[in-house]
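Visitor: I am new to this structure and would like a close look at one part of it, the salt bridges. Please say also where that part sits within the whole.

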Amino acid sequence: MPQIFINGQPVQADRSQTVMEAARANGFFIPYFCWHPNLSVAGNCRICAIQIEDRSWVEIACNMPVSEGLRVLTDSPKVKEYRKSIMQLMTLNHPVDCGICDKSGECMLQDYHYRYNGEPSISRDAKVRSTKFHPLSERILLDNERCILCSRCVRFTREISKSNALGIVQRGDASLVRASEDHALDADPYSDNVIDICPVGALLSRSFLYKARVWYIKPTPSICPGCARGCSVQVWHRKPEWKLHTLDQVKNVRIERVTPLENPAVNGPWICNKGRDLARIFERPRAEQAMEKGRPVELSIAIATARRLIDEAKHPVAVVSNWGSNEELAALKRTLGARFTAFVKQDCAPEPGERIEDDILIKADKNPNTAGARALFAAADDGIALPAASDLVLVWGEGFDFARIPAKAKIIFLNSYLAPENGHADAFIPVSVQTERRGHYTNFQGTVSAFEPCFPKKASVADAEALFAALAVTEDAPA
Ligand code: SF4
Ligand code: SF4
Ligand code: FES
């Protein structure tokens with residue numbers, strides 16, 4: 001292990017590391033724009049300048065390998081002077097339109113300007129104008145005036161998503177990031193990661209554009225339920241202290257955006273675009289009214305009816321959701337498992353046009369907790385008719401064909417969304433969605449991850465875990 005010296009302090013480095021990596025691993029901060037821990041080194045922004053002791057010039061830390069006895073300075077007067085000039089260069093043609101930029105508040109250029117420059121532009125020339133709102137894809141806009149040509153986005157599509165969808169055309173101050181003409185960026189299911197890794201506000205999400213300022217919203221750790229990978233994500237929503245009281249109050253309980261939560265065991269720093277679109281799943285019209293055969297009743301009445309139906313049934317069957325959390329599944333097993341014959345169903349199948357599976361993240365099973373459900377209920381739903389003797393069928397979640405239920409069987413249905421089947425059930429009980437409760441899923445590798453609530457659930461909606469406890473079989477129920 002080579003020993004190097006950073007600002008005079010001895011540091012043990014790994015032979016494979018660069019000075020940037022050794023510095024970060026030992027608590028020294030060196031600024032960077034183009035460098036990214038998961039991408040190749042481009043070395044084009046030059047902000048990571050350091051000085052080797054006793055030399056009169058600076059070099060870049062992101063592309064300098066460590067070597068025994070290397071002595072570097074990260075904050076010498078020469079480094080500071082050089083960084084300041086690099087920041088002047090970075091903002092030479094940058095429009096500094098932070099007031100209307102979505103990246104404002106989490107922009108590296110903004111932060112470094114105040115930290116390493118802090119002065120107005122020394123240039124007397126007019127800024128070079130470039131394209132604003134250039135459509136890179138159906139999901140992403142590009143503001144070329146804000147782009148600092150770090151090439152992170154280009155390298156992402158070459159090295160991570162492998163779509164090769166982006167490149168840089170022209171030369172010098174006419175250089176532009178552009179999408180390949182075969183629309184590969186539209187077909188790249190990982191394209192939105194370039195928005196996160198763009199160090200400035202050049203790459204803009206069409207779905208988030210001008211929707212919220214980042215200081216009004218906060219992230220809650222969660223799990224993407226879009227496939228069996230179960231990527232860790234941050235669900236961003238309005239902070240309680242910025243709750244709206246008179247304007248559009250839907251914004252108080254709306255998912256503003258979803259970003260990756262770095263998790264080396266599951267998804268690294270990336271997610272696919274489906275994970276960005278969780279609002280499409282969770283913000284569908286909700287079922288919030290308990291019913292009996294389509295007739296609205298109080299939630300407590302529907303629960304009492306369900307409990308009576310369970311007590312009276314001789315051959316009850318449960319069709320178990322693989323969107324249930326480990327806690328909910330365990331509650332079902334504990335309270336009703338001995339009484340019901342249970343099958344685990346697939347709530348969701350691949351959507352038309354969706355990538356089924358790849359060797360990056362996406363899995364063919366489009367449900368978050370098949371592994372957790374099958375660990376407790378071994379039998380899988382085979383999609384054919386249920387046992388003819390079934391006299392009660394408890395259906396939990398979506399994706400079940402009610403035509404498979406024997407004609408005379410009673411039905412208890414737990415669902416979160418409006419659906420025609422809700423009105424067919426003898427007892428329909430609306431249940432909460434993932435963003436309204438906490439719990440865990442087990443992914444296809446057996447990794448257990450947690451999700452936290454973002455919004456309160458309505459009083460007319462049940463939590464499945466508490467509901468199963470309330471439906472627990474009574475001592476004198478038929479065996
Ligand atoms: S768009 Fe962003 S990530 Fe891409 S080169 Fe420009 S600054 Fe870098
Ligand atoms: S790979 Fe699967 S779990 Fe991860 S973000 Fe995409 S759909 Fe969600
Ligand atoms: S971070 Fe080293 S040159 Fe850009």
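Guide: The answer starts with the whole protein, goes through the salt bridges one by one, and ends with the ligands and a few single residues.

This is a predicted model, in which local features need pLDDT of at least 70 and side-chain atom pairs count only at pLDDT 80 or more, while totals for chains, interfaces and linings use all residues. Residues are numbered from 1 along each chain as its sequence is written, chains are lettered from A and ligands numbered from 1 in the order in which they are written, and side-chain values use heavy atoms, with hydrogens and water left out.

The protein has 479 residues, and 54% of them count as buried. Buried here means under 20% relative accessible area, exposed means over 50%, and partly exposed lies in between, with a 1.4 Å probe and protein chains only. Along the principal axes, the C-alpha atoms fill a box of roughly 90 × 50 × 45 Å. The secondary structure consists of 12 helices and 22 strands; these are DSSP runs numbered from the N terminus, with helices being H or I of at least four residues and strands E of at least two. Domain 1 covers 3-90 and domain 2 covers 291-472, with bounds that come from an automatic or database domain assignment. The centres of domain 1 and domain 2, taken over C-alpha atoms, are 54 Å apart.

Now to the part in question. A salt bridge is a side-chain nitrogen of Lys or Arg within 4 Å of a carboxyl oxygen of Asp or Glu. By this rule there are 29 salt bridges.

One of them joins Arg-55 to Glu-59, with 2.9 Å from N to O. Arg-55 is partly exposed at a relative accessible area of 34%, and Glu-59 is partly exposed at 24%.

Another pairs Arg-139 with Asp-192, and its N to O distance is 2.9 Å. Arg-139 belongs to the loop between strand S6 (134-135) and strand S7 (140-142), and Asp-192 to the loop between helix H5 (184-187) and helix H6 (193-197), so this pair ties together parts that are 53 residues apart in sequence. The two partners are placed in separate accessibility classes: Arg-139 is partly exposed, with 24%, whereas Asp-192 is buried, with a relative accessibility of 4%.

A third example is the bridge between Lys-458 and Glu-288, whose closest N and O atoms are 3.4 Å apart. This pair links distant parts of the chain, 170 residues apart. Lys-458 is in the loop between strand S22 (448-451) and helix H12 (464-470), and Glu-288 is in the loop between helix H8 (278-282) and strand S14 (291-292). Lys-458 is partly exposed at 47% relative accessibility, and Glu-288 is partly exposed at 31%.

Some salt bridges also join into a network, which links Asp-97, Arg-129, Lys-132, Asp-143, Glu-145 and Arg-146.

Next come the ligands. Ligand 1 is surrounded by 14 residues, of which the closest are Cys-147, Cys-150, Ser-151, Cys-153 and Cys-198; a residue counts as near if one of its heavy atoms lies within 4 Å. This shell has 12 nonpolar, 1 polar and 1 charged residues. In this grouping Ala, Val, Leu, Ile, Met, Phe, Trp, Tyr, Cys and Pro are nonpolar, Asp, Glu, Lys and Arg are charged, and the others, Gly among them, are polar.

The residues around ligand 2 include Cys-224, Cys-227, Cys-231, Cys-272, Arg-229 and Lys-274. That shell divides into 7 nonpolar, 3 polar and 2 charged residues.

Last, some single residues. Leu-149 has a phi near 55 degrees, a positive value in a residue other than glycine. Leu-149 is in the loop between S7 and helix H4 (152-159) and is partly exposed at 27% relative accessibility. His-183 also has a positive phi, near 60 degrees, and is likewise a residue other than glycine. His-183 is in the loop between strand S9 (176-179) and H5, and at 55% relative accessibility His-183 is exposed. Ala-330 is part of helix H10 (residues 326-336) and is partly exposed at 28%.
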